[in-house]
Each structure stands twice: as structure tokens, then as C-alpha cells.
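User: I should like to learn how to read individual features of a model of this kind. Please take me through them one at a time.
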Amino acid sequence: MEEKLTLFKNRKRFGIEKNIDIIFKNTALVLSSFVAIILLGIILVVFFQSFESFSRYGLKFLVTSEWNPVKDEYGAFTAIYGTLVTSFLSLLITIPLGVGTAIFITEDFVPKVFREIIGSFVELLAAIPSVVLGLWAIFVMEPFFRVFFVFLHNFFGWIPIFSTEPTGRNSLLAILILVVMLLPIVTSIARDSLNQVPKKLRNAAYGIGASRWKTIFSVILPAALSGIMAGVLLALGRAMGETMAVTMIIGNSNAFSWSLLSPGYTISSMLANQFGEADGSQVSSLFYAAFVLMTLSLVVNIFAQWLVKKFSLKY
Amino acid sequence: MNSLYYQKRLSRNIGDKFFTSLSVICALIAILPLIFLVTYILYKGGSQITPELFTLEPNPPGDDLDAGGINPALIGTLIITSIASIIAIPIGVGGGIYLAEYSKGGAFSKFIRFGVNVLAGVPSIIAGVFIYALIVSTKILFGSMYSGLAGGMALSILMLPTVIKTTDEGLKLVPNELRYASLGVGASMYTTILKVTLPSAFRSIATGVVLGIARAAGETAPLIFTALFSYYYITGFGDLFYEMGSLAVLIYNFALEPYDAQNKLAWAASFILVLSILSVNIFSRILAAFNEKPKRV
């Protein structure tokens, strides 16, 4: 009896081990809160650095396109417009292509081996650095598309978006390189959400006599829609923030033009071009532009997360 | 009786054929440029590879025909990526451990998981802007402005969400029975994590981390105004506090040069970068496929 009691007494841990346990837990806690600290830090730093420019130009910054370090006049309309136009138009091209490809590799048109090869190949392409895509765009895409652009201008020049003579780098090329970058994202997310649609649904649709594409359009796609939408929004966020490939091919001109065949600007390419050698109030204005970009991508991102949570599959 | 047979000219069958060919066309349009892109990079870059490339400094752009090599950029990429890993891996793994092992799904862990997703969506150039404001312009690192160290910090911000996420998800796949068994024989929480759960999730965590590192190695935007670029050999520890070249920035700078020799150097650097990133990706995919336990949904 006596012996048992001492055993029982010794069943508690040594003090030092207990302390290590507590220290370990708290270290992990601190490390995980680093994420929040960094995120808040980014938002606060960019906001406060842009404060000078914000108080000076206010919201006028967003709608004027004067960018003149000599006269100290700054407005980022061209860059903001360029960011929105390139990302939305590239998405417009990417969505049908990406979803079409995703349908192709989730249906049984070709043997499974081929579909898996295509699928993993598309995913591998997401790993190619964007600066390499930019290099490729400069030396391969631009010469290749030049004839096509001249044709566009000659026959459709009366439409404002094709109204300038194509001379080398322009916004349309930036849109095309963005399509190459976004395709892997949209395709792989669309494929995953199509794969998650339960087989029962498909069988039920076939059972009541729907054809393959009737099934895809009326059953499978609606069921996978939330996942696809989230993927599209993620891609939109990526497109808005994408820097290198766009900077290298868009031509970097702050002169505003409706035409896609003229050189343009995006917020990120403006940052990449000017941040290194900016000083004075130009730095603050660049931070203001960075703040706009960050807000845009945060809104898109948070909306995507909300969408996933709200409309995720409930089968 | 006819209706029992497949009728080619029925509108639904025509429609099906039409959409099927449409999706085939989509897949072709999507795949062909991508195949062309990869083969072109490998062909064009591969033809520029010489032994001197790995040992020489790049010559400053100019009329001289010989562009030199990419040694400083190659070493610089290795150093900057290592710095980023040294910062991001402990923080990320520790944070992931907290999320998966300690948090009980409360508001805090929800907020952190949300933050991880948001941080993953922050444009990479914003990470550069942030480090510029915090470290480069304040000269907080012993008075040095642009430095390899600052570049590594910027990259670590991009790596962090990937590392946390893979740790969190890897640990969540470890069956609870293992934890109960370990705690049941009297191990403390930290022994359980370090000796049981972390080792059994090691492979999936390592795969994710390696993929994160490979992605960071190709990032350019955070480096162009934190690490800047350098033409000179990296000779010692002190060079961490000065401008440091990297393959990605070399490609960016030299692609925009009007000289053919520099452009060729950019292609060669792309070849090395793409080849190493793709092989890391393929290798970890093969590893993951071999060890695929129950498929995660």
C-alpha cells in the first residue's frame, strides 16, 4: 500500500518537462501569430508610407493620369485602368479555355493516362517563373503576333481598342501572356471541383435520358460552379498582382490610350519600373499606387474565400 | 422503332458532337502554346550552356561580344533562397504545429488560417515594397541599403503561407490514434509532436516546403528593389549586406538589354532556372505518388 502511494506520487511530470511543454506551446502560438503580424504590418506600412501622397492628392489620384516627377503631379489612372483591363480581359479569354480544358480532362473522351499527363503538364506550367514567360514573350510572342496585330489594326482600326498602329510591345501582348499564366490556375482548380461532383448526380442525369453535354451544362457545371468561381477569383487576384511578365511586355507608357495595341501600364509594372530610382513625393505616390493594388487584390481574395465558404458543395 | 437506335442527325446528338469538339479545341489551344513554350526555353537556353557560364562574372552590357557567365547570380539565388528558407521554415512549421495540434478551432485559429490565405494572395511585388519600406529605406541592417539579406526576407514572406499550409494539412492527416497512443504511454505534448506526429507527417510537409522553395527561387518582383543586382563574385560573408544578383533578376535585366550577348545569357539563366524548378516539381510529384496513402479529399 505504502509502495503504491509513492508510485502514485511520482506520476506527475518533472517540473522542467512541464515548463518545456508550456514553452513549446507558446512558441508555436507566437510563431503562428507572425502571419497576422506580417499581414497587418504590410497593410499599415504601405498605408502610412502613402499617407503624404494621399493627403495631397486624395481621390483625385485615382482618376488623373498625369505622372510628372518634375512638376510633382501624380495620378495613377493609366496604371489602374491598365491593371483592371489586362486582368479582366485576360480572364475573359482564360475562363472558357480553362474550363473547356478542365471538362476535357475530367470526361472520358480519351484514355485516363493521356488525361493525367495533360493534367499534370498543365500544373507543371504553373511552376514556370513569370520572368521566364516575360523573356519568351519578348523574343517569341511579340514577333509572332506582329503580323496578326497589323491585320487587326488595318481591318478593325475603326474600333477604338485597335485604333493605334502596333509598334512592338503593347497591352494586348500583356493580356496574352497573362492568359498563359492563368490557364494552369483556372484549369487545375476547375478540374478539382469537377472531380468532386459526386458520380451519383451524373448517373441520375444519364438515367433520365440527358445527353452528355446536357448533363455537363445542367448538372455538373452548376454543382461545381462555386469551386470554379473561387478559382477564377484567385486567378483574377494573381493577374492583378502579376508583375514581371507584364512589365516586360506591356511597353510601360503612362500615356493613356483606349487602344490595346498601344503600350500601357499596370500598377505593378509602374512599381517595378520606378521604385528603384524614385525619391521625394514620388515614393509616397508609388506607395499610394501599391496601396490601391493591395486593396484590390485583398478584396478579390477575401471575396473568393467567402464564396468558397458560402457555396461549397454540400453533398 | 427507330428511336431505339442512335440517330446521328438528332439535334441533341449534333449538339453533343459540337460541344465535344469545342472542348477538344479548348484543350488544344491551351496545351499547344504551353508545350511550345517549354520546348523553346529548353532548346534555346540549352544551346547557350557552356562550362564558362558557371564560373565567370557577367560582363557589364556594352559592345563587347562576350557576355561572361552567371556565377554570381547562380550563387546569389542559392544564398537568397536559403535565407528565405531559414526564416520561413521555422516560423511556418511552428505556426502550422500550433494550428493543427493545439488550436481547437476557435476564433484565433480561424483568423490565422484566414490570414494565411490572404497572405498567399498578396501580390509578390507588395512583399518587395514592404521590405523596401521596412529595411532598405531605413538602413536598419547595419547601415546597408539593398542587400541579399533584405531580398531573402522579402522572399520569406512569400514562402511563409505555403509552409504553414502544408504543415497544417500534413499534420491533420496524421491519424489521431497515434497521438492517443503516445499521450497514453505518458509522453508529454511536445514529445508527442516532435517524436510522433511530426515525423509521420514529415514526407508531405517536406514535399510542400520544397515546392515552396522552388517557387520562391523563380520570384523576381520582390528582389528588384530589395536585393537589386550585382555583377561581381560573392566572396565572403560580408557580401550578404550588399547588393546581390540572382538568376531571376539577371533574366529581367538582360532581357531588356539591346545587346544579343546579354540576351543569350538571359536564355541560359532561364534554362537553368526552369530546368531546376521543373525537376524539383517532377521529383516531388513522383515521390508523392509513390507514398500516396488514402487519397485526401
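User: Is Leu194(B) buried, partly exposed or exposed, and how many C-beta neighbours lie inside 10 Å?

Analyst: Please bear in mind that this is a predicted model. The class follows from a count of neighbours: 20 or more within 10 Å makes a residue buried, 12 or fewer makes it exposed, and the range in between is partly exposed. Leu194(B) has 14 C-beta neighbours inside 10 Å and is therefore partly exposed. The residue belongs to helix H7 of chain B, residues 189-200.

User: Which residue is paired with Leu194(B) at 97 residues apart in sequence, and what is the C-alpha distance?

Analyst: The partner is Ile97(B), with 9.9 Å from C-alpha to C-alpha. Chain A offers a similar exercise. Ile302(A) and Leu233(A) are separated by 69 residues in sequence, while their C-alpha atoms are 9.5 Å apart in space. Ile302(A) sits in helix H13 of chain A, residues 281-311, and counts as partly exposed because 16 C-beta neighbours lie inside 10 Å.

User: How should a phi value be read, and where is Asp72(A) found?

Analyst: The general idea is that most residues other than glycine have a negative phi. Asp72(A) has a positive phi, near 60°. This residue lies in the loop of chain A between strand S1 (67-68) and strand S2 (73-74). Asp72(A) is exposed, since 11 other C-beta atoms lie within 10 Å.

User: What is phi near in Asn252(A), and is that residue buried or exposed?

Analyst: Phi of Asn252(A) is also positive, near 50°. The loop that holds Asn252(A) runs between helix H11 (244-249) and helix H12 (267-274) of chain A. Asn252(A) has 20 C-beta neighbours inside 10 Å and so counts as buried.

User: How many helices and strands does chain A have, and how is its overall form to be judged?

Analyst: Chain A has 13 helices and two strands. Its radius of gyration is 26 Å, well over the 20 Å that the globule rule gives for 315 residues, so chain A is more spread out than a compact globule. The C-alpha trace of chain A spans about 100 × 65 × 35 Å along its principal axes. Of its 315 residues, 45% count as buried. Among contacts in chain A with a separation of 6 or more, 77% are between residues 24 or more positions apart.

User: At what angle do the axes of H1(B) and H10(B) cross, and which residues make the contact?

Analyst: The axes of H1(B) and helix H10 of chain B (residues 260-290) cross at roughly 125° and come within 8 Å. That angle makes H1(B) oblique to H10(B). The crossing is left-handed. From H1(B) the contact takes Ile41(B), Leu42(B), Lys44(B), Gly45(B) and Gly46(B), and from H10(B) it takes Trp267(B), Ala268(B), Ser270(B), Phe271(B) and Val274(B). Six of these residues are nonpolar, three polar and one charged.

User: How many residues does each chain give to the contact between chains A and B, and which helix of chain B gives the most?

Analyst: Chain B contributes 70 residues and chain A contributes 67 residues. On the side of chain B that touches chain A, helix H1 (residues 11-46) gives the most, with 18 residues. By class, that side of chain B has 52 nonpolar, 14 polar and four charged residues.

Notes: Residues are numbered from 1 along each chain as its sequence is written. Chains are lettered from A and ligands numbered from 1 in the order in which they are written. This is a predicted model: local features need pLDDT of at least 70, side-chain atom pairs count only at pLDDT 80 or more; totals for chains, interfaces and linings use all residues. Two residues are in contact if their C-beta atoms, placed from the backbone, lie within 7 Å. Helices (H or I, at least four residues) and strands (E, at least two) are DSSP runs, numbered from the N terminus. Ala, Val, Leu, Ile, Met, Phe, Trp, Tyr, Cys and Pro count as nonpolar, Asp, Glu, Lys and Arg as charged, and the others, Gly among them, as polar. The radius of gyration is taken over C-alpha atoms; the globule rule is 2.2 Å times the number of residues to the power 0.38. Axes are lines fitted to C-alpha atoms, for helices over the stretch in contact, and angles run from 0 to 180 degrees between N-to-C directions. Angles under 35 degrees count as roughly parallel, over 145 as roughly antiparallel, 65 to 115 as roughly perpendicular and the rest as oblique. A crossing is left-handed if the near helix is turned anticlockwise from the far one by less than a right angle, and right-handed if clockwise.
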